[in-house]
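Me: Please take a close look at one part of this model, the nonpolar core and the helix packing that goes with it. I would like one connected account.

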Amino acid sequence: MQFPSVRFHSSAAAARTGRDPRSLSRAYAAGDLVRLRRGVYLPTADWLNGTALSRYALTTASLAVCGPAPVLCRETALIAWGLGFARVPSHVHYRTTRRSAVGSAAPVALYGDRAAVLAAHSATTPGTSSGARRLPSGFPDARHFELTSSSVPLRIPNLGLSLLLEPFDVAFPDTLHRLPFADAVVLSDAVLAGRGLHSVTRSRDALLALASGLPSGAARRRMVAVVSFADEGAESVGESYSRALMRELGFELPRLQVWLDRDGRRIARVDFYWPRLRLVGEFDGVMKYTRSKEFSGQAPAEVLVAEKRREDEIRALGERVVRWGWDDLMHPQRFGRNPPPGGGPQGGLILPRVLDFAPRYGPGQCPKPGAIPARRLPKLLGGCPGGVVH
């Protein structure tokens, strides 16, 4: 987890320095500060100008502003350990030794004067009215009971704060079996490849050993299924999530990171490849373009031109190319659409329909039972013949 450099304000610190703590309340009421938790404030501009993940990080860090922080656990601990999620968690998770405190705590009122904050937020984007903008929401706490919990300190030098994390080998298995399949695969791929921010790496055997220590058979089976499917060849959160979604929808699984050659010259290394279908799949993460200067030294327009030339060379080999991005992953039904009339891969096709794509399914058959929750099948695939859903 990366913590932006900001200045927290707290009622306790104000009192210690002889300032009037009520000045913070007045600034909050005027919309100049947001309140992350009782007595802890942050300049509104710092809150609004960040990403959802940076806001989550700041909410987590605010636990340590007024005193010793509790031990972070589950998703929050894993993000602090440097693992990336497909979506920012909805809660900040930490341990409590009081059974009466267990559960989700309602977040404090984040904004004092919403109208003033919304007007200021809209002013940062020229041509956008306040009615077209929404203020980002806060993150409530989720407290989980643990009478004795070991911890690892995490120092945040730029904020002058310290957080406590559950050890990785405790937090990872405790979290993985609770997550949806695709989200769990994202984490497992990253750990096998050492792809996280702090390069935490475990072998598949080590992860399976962690699964054996889970308290219930159902939890063990869920984690074993995820770890067995995981593949360190996926090179990003988006690629991992794509492959897991293909598995849930019953698609034939592709090979990962395949080099395509032409006349003895390497043309391109592609994200996904289905040799039988001569089909290339590419996941387009937005950072490839928005942060192209940082990653490759090229302007976004230059990256687009290079991608077009690369794709033309791939097509010249006789391969089809399909592309998708985060918006498609967040709407999985698009993976099952047919191409529109007169359209091809460029006309909206993400991946072929399950029944056309996967040779192991005969006409009219559903994906393997358990491959995707039954409640989602009617929406994604139009239901099974005769109204029978696995």
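Reply: What follows covers the core, then the helix that gives the most to it, then a covered helix elsewhere in the chain. The model is predicted.

The largest nonpolar core has 79 residues, and F3, F8, W47 and F172 are the ones that touch the most other members. Helix α8, residues 181-193, gives the most to this core, with eight residues. A separate core of nine residues lies apart from it; V258, A268, Y273 and V321 are among its members.

α8 also packs against helix α10, which spans residues 217-229. Two packed helices are described by the angle between their axes and the distance between the axes. Here the axes come within 9 Å and cross at roughly 55°. Angles from 65 to 115 degrees count as roughly perpendicular and those under 35 as roughly parallel, so α8 is oblique to α10. The crossing is right-handed. On the α8 side the contact is made by F181, A184, V185 and S188, and on the α10 side by A225, V226, V227 and F229. By class, these residues are seven nonpolar, one polar and no charged.

F3, in the largest core, can be followed to another helix. Leaving aside neighbours within four places in sequence, F3 is in contact with A57, A61, L154, I156, N158, L159 and L163. Helix α4 covers residues 52-61 and is mostly covered, with eight of its ten residues buried. A57 and A61 are among those buried residues, together with S54, R55, Y56, L58, T59 and T60.

Notes:
Residues numbered from 1 in each chain as written. Predicted model: local features only at pLDDT ≥ 70, side-chain atom pairs only at ≥ 80, totals over all residues. Heavy atoms only, no water. Core = buried A, V, L, I, M, F, W, Y, C linked by side-chain atoms within 4.5 Å. Buried < 20%, exposed > 50% of the residue type's maximum accessible area, 1.4 Å probe, protein only. Helix = DSSP H or I, 4+ residues; strand = E, 2+ residues; numbered from the N terminus. Contact = heavy atoms within 4.5 Å. Axes fitted to C-alpha atoms, helices over the stretch in contact; angles between N-to-C directions. Parallel < 35°, antiparallel > 145°, perpendicular 65-115°, else oblique. Left-handed = near helix turned anticlockwise from the far one by under 90°. Nonpolar A, V, L, I, M, F, W, Y, C, P; charged D, E, K, R; others polar.
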